[in-house]
2 protein chains.
Amino acid sequence: MTTPPETPPAAPVAKRPVPEATVTRLAVYLRLLGEFAENGAETVSSEELATASGVNSAKLRKDLSYLGSYGTRGVGYDVASLQHQLERVLGLDHHQSVALVGVGNLGHALAGYAGFAGRGFPVSAMFDVDPDLVGIRINGIEVGHVRDIEAVCRDRGVTIGMVATPGPAAQGVCDLLVRGGVQSILNFAPVVLQVPADVEVRKVDLAVELQVLAFHVARRHVAGGSDGAGATASARAGGTNDGDMNVGTNGSVVSPR
Amino acid sequence: MTTPPETPPAAPVAKRPVPEATVTRLAVYLRLLGEFAENGAETVSSEELATASGVNSAKLRKDLSYLGSYGTRGVGYDVASLQHQLERVLGLDHHQSVALVGVGNLGHALAGYAGFAGRGFPVSAMFDVDPDLVGIRINGIEVGHVRDIEAVCRDRGVTIGMVATPGPAAQGVCDLLVRGGVQSILNFAPVVLQVPADVEVRKVDLAVELQVLAFHVARRHVAGGSDGAGATASARAGGTNDGDMNVGTNGSVVSPR
DNA sequence: CTGTGTGAATTGCTTCACAGCT
DNA sequence: AGCTGTGAAGCAATTCACACAG
């Protein structure tokens with residue numbers, strides 16, 4: 001019976017895996033840390049931050065443990081320092097440049113979304129095919145023609161693309177973004193985008209969100225009264241790779257004005 | 001008000017739990033079934049539908065198995081019949097009435113989102129606080145004042161509320177929706193809403209989506225990936241709009257104007 | 001023989017509970 | 001004491017692989 005030496009050699013600074021589900025929450029913690037900082041807090045405990053985020057404190061601590069030990073036992077986490085670490089892990093210290101394709105109804109709203117520029121994601125390029133839209137300026141950015149996507153993205157070092165076109169056009173512009181060197185795509189069109197393995201896609205499908213909610217309404221009818229299956233007051237987030245969709249948290253929405 | 005006991009007739013159909021993650025995908029399958037139907041398909045195999053949905057076929061079969069056996073071994077699933085079953089499970093046979101609060105930048109786009117009305121979720125009420133917005137009509141619906149949320153929701157039997165207000169206003173309108181009898185809420189505001197246990201909340205946070213993508217971009221840098229190389233890229237990106245995959249009618253999202 | 005339906009194995013995420021630092 | 005960091009237990013979801021229906 002040869003007992004394998006079991007030598008976990010080297011593996012010095014082994015990259016931490018950081019679960020997908022955790023990454024989604026890190027962004028939420030970061031936003032809340034900003035609020036704590038505004039209120040003048042120097043430190044937060046896992047309990048405080050967890051409650052504000054709508055998760056339990058053990059989960060929060062485990063999430064933070066993936067990025068190292070930045071808390072002080074018996075005290076809590078230093079707000080400023082933790083903010084800094086989260087920004088680093090989330091890649092917010094690298095400059096991210098965002099391109100938006102499709103400046104119609106939804107795209108126009110996304111272009112003006114205060115939560116993007118305000119949180120480190122200025123939209124630096126926009127595209128459409130409609131002659132009425134190509135050439136206009138939104139927030140100081142001129143809308144280009146879709147045919148220029150590849151060149152412009154390469155030129156400006158765009159790392160993230162947002163697709164807000166009608167479904168039938170989505171795969172085409174996706175291909176153009178990929179050829180322009182875009183590594184991550186946020187897809188609002190109701191299609192499953194085909195991309196090379198090294199490109200990350202996240203999908204936001206509003207109709208699907210409503211259908212999931214409709215399911216719960218229907219479920220409640222069947223269940224009749226109290227089924228007691230209530231989660232507290234948190235939202236669900238799930239999914240990851242492939243054609244999965246997901247919701248996250250954070251962002252300042254739009255002012256009704 | 002008191003719903004008659006609705007005597008579940010011995011509940012012969014021992015309802016299986018239907019995992020949360022599955023529900024999300026069922027909505028996706030339903031949309032794709034619509035496209036297959038448009039193309040005149042009578043039946044689909046799990047393999048075909050799975051590929052189109054971006055999941056693997058075993059997962060798809062397991063998902064469908066939660067709602068019973070509606071496939072034919074050796075053949076596949078009857079498209080029309082499966083559509084019907086999915087609609088039933090997702091509660092789309094019940095009439096869903098949707099209210100939208102916050103008709104600003106994003107809210108306005110949501111109001112005009114073709115994917116809602118086209119998929120069984122007509123927005124039947126809208127609200128805001130801005131005097132410039134209250135009273136105007138969007139898609140034939142008059143925007144009411146936030147103070148009337150409770151009464152109007154009750155009156156029109158609204159089951160789903162969408163919150164697209166700025167963060168600070170979100171909890172307040174959420175409370176009003178709940179008092180108006182709304183059972184499910186789709187939250188676009190960057191706050192964690194507090195609701196009673198019998199109300200379901202889903203959160204869509206656009207800034208978080210971008211942060212998750214940014215994480216993957218940063219991660220790739222660390223991994224030092226050999227750039228370039230499109231592995232399994234797919235479609236061609238010709239000069240002109242090549243969005244003519246087999247998307248039938250269904251897919252109109254936001255029309256670029 | 002084809003393709004569904006499903007127990008069993010696996011993987012990944014969450015929760016628990018407590019050792020150990022301050 | 002108080003609170004973090006983390007092994008280990010507990011769940012939930014995904015994948016495997018194959019019996020069985022048409």
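This note sets out, point by point, how the two protein chains meet the two DNA strands in a predicted model.

1. Surroundings of DNA strand D. There are 24 residues around DNA strand D, and those that come nearest are A:Ser46, A:Arg61, A:Arg73, A:Tyr77 and B:Arg25. By class, this surface has nine charged, ten polar and five nonpolar residues. Of the strand D atoms that lie within 4 Å of the protein, 62% are part of sugar or phosphate, and bases supply the rest.

2. Elements facing DNA strand D. Both chains take part: helix H3 (57–65), strand E2 (71–72) and strand E3 (76–78) of chain A, and helix H1 (20–38) and helix H3 (57–65) of chain B, each supply at least two residues of the surface near this strand. The largest share comes from H3(B), with four residues.

3. Polar contacts to DNA strand D. Two side chains of chain A reach bases. For A:Arg61, a side-chain N or O atom is 2.8 Å from a base nitrogen of strand D; for A:Lys62, a polar side-chain atom lies 3.3 Å from a base nitrogen of strand D. Chain B contributes a contact to phosphate, in which an N or O atom in the side chain of B:Asn56 is 3.4 Å from a phosphate oxygen of strand D.

4. Packing of the two chain B helices. The axes of H1(B) and H3(B) come within 10 Å and cross at roughly 100°. An angle of 65 to 115 degrees counts as roughly perpendicular, and the two helices are therefore roughly perpendicular to each other. On the H1(B) side the contact is made by B:Thr22, B:Arg25, B:Leu26 and B:Tyr29, and on the H3(B) side by B:Lys59, B:Leu60, B:Asp63 and B:Leu64. By class, this contact has four nonpolar, three charged and one polar residue. B:Arg25, one of the H1(B) residues in this contact, is also among the residues that come nearest to DNA strand D.

5. Surroundings of DNA strand C. Around DNA strand C there are 23 residues, of which A:Arg25, B:Ser46, B:Arg61, B:Arg73 and B:Tyr77 come nearest. Sugar and phosphate make up 58% of the strand C atoms that come within 4 Å of the protein. The surface has nine charged, nine polar and five nonpolar residues.

6. Elements facing DNA strand C. Helix H1 (20–38) and H3 of chain A, with H3, strand E2 (71–72) and strand E3 (76–78) of chain B, each supply at least two residues of the surface near this strand. H3(A) gives the most, with four residues.

7. Polar contacts to DNA strand C. A side-chain N or O atom of B:Lys62 is 3.5 Å from a base oxygen of strand C. B:Gly71 uses its backbone, with an N or O atom 3.1 Å from a phosphate oxygen. The side chain of B:Arg73 places an N or O atom 3.0 Å from a sugar or linking oxygen.

8. Annotation of chain A. An unreviewed UniProt entry lists residues 28–67 of chain A as "DNA-binding region". In the model, this span is 70% helix and 5% strand, and its end C-alpha atoms lie 15 Å apart.

Note on methods. Residues numbered from 1 in each chain as written. Chains lettered and ligands numbered in written order. Predicted model: local features only at pLDDT ≥ 70, side-chain atom pairs only at ≥ 80, totals over all residues. Heavy atoms only, no water. Near = heavy atom within 4 Å. Polar contact = N/O pair within 3.5 Å; in protein donor to acceptor, adjacent residues only side chain to side chain. Nonpolar A, V, L, I, M, F, W, Y, C, P; charged D, E, K, R; others polar. Axes fitted to C-alpha atoms, helices over the stretch in contact; angles between N-to-C directions. Parallel < 35°, antiparallel > 145°, perpendicular 65-115°, else oblique. Contact = heavy atoms within 4.5 Å. UniProt positions renumbered as here; feature names shortened; annotations may be inferred.
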